[in-house]
There are 2 protein chains.
Amino acid sequence: MIILGVDTAMRCTGYGLLKVEGDCFQALDCGIIKNAQKLPHSECLRRLAGGIRELIESYQVDVSAIEGAYYGKSVRTTMILGYARGSVMTVLAEKNIPIFAYSPKEVKLSASGTGTASKNQIAVILGTMLNINIDTIEKDATDALALALCHANRISRCGPDIFTNEPQ
Amino acid sequence: MIILGVDTAMRCTGYGLLKVEGDCFQALDCGIIKNAQKLPHSECLRRLAGGIRELIESYQVDVSAIEGAYYGKSVRTTMILGYARGSVMTVLAEKNIPIFAYSPKEVKLSASGTGTASKNQIAVILGTMLNINIDTIEKDATDALALALCHANRISRCGPDIFTNEPQ
């Protein structure tokens, strides 16, 4: 099973692809889709949707894990985050990829056993578990891999036939 | 020039297509894309994106007018409205359709000359101007036609080469 984790934002979206075979997890790829500040939202969304579509096609993604529950700091930033998530969710839905949402706390809990671990601690654990050099990876890409890992751990516990819990 | 007005929402999105030839405006089509309450957001977004894409292709849309500035009543409804708008904006951007955003006040001002007109008053004015029977049209479809009309009036005043003012 191949899981695509997406840590969505208008200006910098992290992605991480995790291959799961039994109890063995392998990071296939990770990175960021970056949009310059000067770009209008429509162009950011076009690039974001195109990037996610390309990843799904290149890696034959089975399932996706995105961030849920987190809102912006203001009504305006919440709306902009909504635009970006809506764009990503549309591509996933059009490609028939099931969407699972995890809160930042769930992601931390899954990787470290505590919901209060720092982002840096999570990155170090990820580096060890997946045997990757986190110093060469952007923070948003590590966050996306952590989302994919969170879903992989849930499947390990509950089996693959879990209900989708996409953001509502 | 053909203008697509979209009054976006997750459960009921209104659309209206307006043909502009000089000072002559003609309503080509209008309606709603409805999503049942029980449908998950991913399925709503898939249907919404598919519906907007079909309208653009069927009517050879040149430009779009969507609602800007309006936010939801809570952080959760703002995020959900953001999902839906992000989906619509992604399709418009991928089809290279310029996006113009207008606040509810601008739409009212454009149709009636006052920013405080009721939705019903706007609908009556629209019915007269476009020679359509508003009693047979859903409210969200009338709102979408009013958005398209707002952009048509702006073009009449300023010419077609106005800068996009998509939602930020």
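Copies of the chain are superposed by least squares on the C-alpha atoms of residues with pLDDT of at least 70 in both. The model analysed here is predicted. On this basis, chain B can be laid on chain A with an RMSD of 0.0 Å. The operation is a turn of 180 degrees, with a shift of 0.0 Å along the axis. The two copies are therefore related as by a two-fold rotation axis. Within chain B, Gly82(B) has the C-alpha nearest this axis, at 2.0 Å.

The contact between the chains was examined next. In chain B, 28 residues are in contact with 28 residues of chain A. Two elements of chain B, α1 (41-59) and α2 (75-94), each give two or more residues to the side that touches chain A. The largest share comes from α2(B), with 15 residues. By character, this side of chain B divides into 14 nonpolar, nine polar and five charged residues. Of the interface residues of chain B, 100% are also interface residues in chain A, so the copies meet through the same surface.

Chain A also holds a sheet. Strands of a sheet pair through backbone hydrogen bonds, either parallel or antiparallel. Five strands of chain A form an open sheet in the order β3-β2-β1-β4-β5, and the pairing is mixed. The edges are taken by β3 (24-34) and β5 (99-102) of chain A. Each has a single partner strand, so one side of each is left without a neighbour in the sheet. From one strand to the next, the twist averages 20 degrees. At one edge, β3(A) pairs with β2 (residues 12-21) of chain A in the antiparallel sense, over 10 bridges. Glu21(A) has Cys24(A), in β3(A), as its bridge partner.

Definitions and conventions:
Residues are numbered from 1 along each chain as its sequence is written. Chains are lettered from A and ligands numbered from 1 in the order in which they are written. This is a predicted model: local features need pLDDT of at least 70, side-chain atom pairs count only at pLDDT 80 or more; totals for chains, interfaces and linings use all residues. Two strands pair if DSSP finds at least two bridges between them. Helices (H or I, at least four residues) and strands (E, at least two) are DSSP runs, numbered from the N terminus. Axes are lines fitted to C-alpha atoms, for helices over the stretch in contact, and angles run from 0 to 180 degrees between N-to-C directions. Two residues are in contact if their C-beta atoms, placed from the backbone, lie within 7 Å. Ala, Val, Leu, Ile, Met, Phe, Trp, Tyr, Cys and Pro count as nonpolar, Asp, Glu, Lys and Arg as charged, and the others, Gly among them, as polar.
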